[in-house]
Amino acid sequence: MAKMLYRVFALITMSALLIAGCSAAESYIVGIDGDYPPYTYIDENGVAVGFDVESIQWIAEQNGFEVEIVPVAWDGIIPALLQNKIDMVYSGMTITPSRAAQVTFSIPYWIVDQGVVVREDSYVTMEQFEAGELIIGVQRSCSADQFLESDYFGAEKYDQLLLSGNIKLYDTFPQSMVALGQGLVEAVIFDDVNIRSYIQNKPSLVILDVIPTGEEYGVAMRNEDTELHEIINAGIIELMVSDKWDELLSKFIIEEDVVEIVDETVDEFEDEIVDEFEDEIVDEFEDDS
């Protein structure tokens with residue numbers, strides 16, 4: 001235990017030193033999906049809230065910069081980032097090869113699978129879902145949509161199902177869930193944590209199955225914003241080993257078995273952090289001499 005506490009303390013210290021070596025801007029614009037509970041959404045007062053919103057606000061507070069949270073249409077959020085309309089996407093964005101070809105992602109901070117939700121009074125089966133026999137609702141351009149097209153059905157069958165109306169695309173996840181409740185679709189596929197949050201206290205909707213995909217969420221930034229990459233990576237690690245992380249889990253995540261990725265994230269990136277820290281020390285020494 002003492003060894004673990006020392007290791008965590010060392011990582012926090014190195015993260016703080018790495019941040020201190022970077023010149024953060026006074027303010028950053030954070031793009032979010034405004035209909036993505038429990039991570040990012042607009043409450044009844046018109047205020048952006050959620051797990052990811054409070055995460056970046058906490059990181060900003062710890063490191064002395066301001067953030068402006070701006071809802072952006074999901075299918076245009078990466079173009080908005082590349083056009084300098086926003087500075088990062090911190091909104092449950094799955095790290096995928098196609099996205100990583102355009103932007104730089106932070107270290108992962110969350111892992112999700114794909115959930116399939118249906119009406120409680122329906123008799124549909126996963127066998128029907130797998131065969132493409134159901135009318136499936138999904139948010140356009142999200143990771144669930146990309147999963148259906150690439151890994152699950154394949155591009156050719158996906159296009160056929162889209163043409164036949166067996167796949168219906170919606171602008172937001174809540175729109176697809178409303179369609180399910182109204183009987184316009186027979187099933188919806190989306191990130192399992194979001195589904196659990198949405199159907200809480202809605203006994204008419206149930207999870208039919210969870211497809212293990214192990215998708216990782218990361219913060220998307222422009223490739224050239226290297227100082228911001230370091231600030232966000234160090235900030236995420238600092239957050240994940242803080243009491244704030246547990247507070248956020250209790251407040252926002254509706255799940256029987258919360259997926260804990262702190263240890264694996266720390267394990268995976270510990271060497272990288274140490275290398276960056278050593279490089280900082282070397283550079284500082286050379287400058288002084």
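Which residues do ring pairs link into a cluster? In this predicted model, the cluster consists of Y36, Y39, F51, W74, Y90, Y109, W110, F173, F190, Y198, Y217 and W245, joined through ring pairs. A search of the whole structure returns 16 aromatic pairs.

The overall architecture provides the setting for these pairs. The protein comprises 12 helices and 12 strands. Of its 289 residues, 49% are classed as buried. Among contacts with a sequence separation of 6 or more, 74% are made by residues 24 or more positions apart.

Two of the aromatic pairs are described here in detail. A pair of aromatic rings is characterised by the distance of the centres and the angle of the planes. For Y36 and W74, the centres are 6.3 Å apart and the planes enclose 10 degrees, and the pair is stacked. Y36 belongs to strand β2 (residues 35-36), whereas W74 is located in the loop between β5 (66-71) and α3 (77-82); the pair therefore ties together parts that are 38 residues apart in sequence. The relative accessibility of Y36 is 4%, under the 20% limit, so this residue counts as buried. W74, with a relative accessibility of 10%, likewise counts as buried.

The second pair, formed by F173 and F190, is also stacked, with 4.2 Å centre to centre and 10 degrees between the planes. F173 is part of helix α8 (residues 173-181) and F190 is part of strand β11 (residues 187-191); the pair thus links distant parts of the chain, 17 residues apart. Both F173 and F190 are buried. Another member of the cluster, Y198, has K202 over the face of its ring, at 4.6 Å from the ring centre.

Helix packing was examined for α2 and α10. The axes of helix α2 (residues 51-63) and helix α10 (residues 226-240) come within 10 Å and cross at roughly 105 degrees. This crossing angle falls within the range of 65 to 115 degrees, and the two helices are therefore roughly perpendicular to each other. On the α2 side, the contact is made by S55, I56, W58, I59, Q62 and N63, while α10 contributes I232, G235, I236, E238 and L239. By residue class, the contact of α2 with α10 contains 6 nonpolar, 4 polar and 1 charged. F51, a member of the aromatic cluster, is not among the residues listed for this contact.

Several features of the backbone were also identified in loops. The peptide bond from P37 to P38 is cis, with omega near 5 degrees. P38 is situated in the loop between β2 and β3 (40-42). Strand β2 is the element that holds Y36 of the stacked pair with W74.

Positive phi values occur at N84 and N201. N84, although not a glycine, has a positive phi of about 65 degrees, and this residue is placed in the loop between α3 and β6 (88-94). For N201, also a residue other than glycine, phi is positive and near 65 degrees. N201 lies in the loop between α9 (192-199) and β12 (205-221). The relative accessibility of N201 is 72%, over the 50% limit, and the residue therefore counts as exposed.

How values were computed: Residues numbered from 1 in each chain as written. Predicted model: local features only at pLDDT ≥ 70, side-chain atom pairs only at ≥ 80, totals over all residues. Heavy atoms only, no water. Axes fitted to C-alpha atoms, helices over the stretch in contact; angles between N-to-C directions. Helix = DSSP H or I, 4+ residues; strand = E, 2+ residues; numbered from the N terminus. Parallel < 35°, antiparallel > 145°, perpendicular 65-115°, else oblique. Contact = heavy atoms within 4.5 Å. Nonpolar A, V, L, I, M, F, W, Y, C, P; charged D, E, K, R; others polar. Phe/Tyr/Trp six-rings, centres within 6.5 Å; stacked < 30°, edge-to-face > 60°. Buried < 20%, exposed > 50% of the residue type's maximum accessible area, 1.4 Å probe, protein only. Lys NZ or Arg CZ within 6 Å of the ring centre and 35° of its normal.
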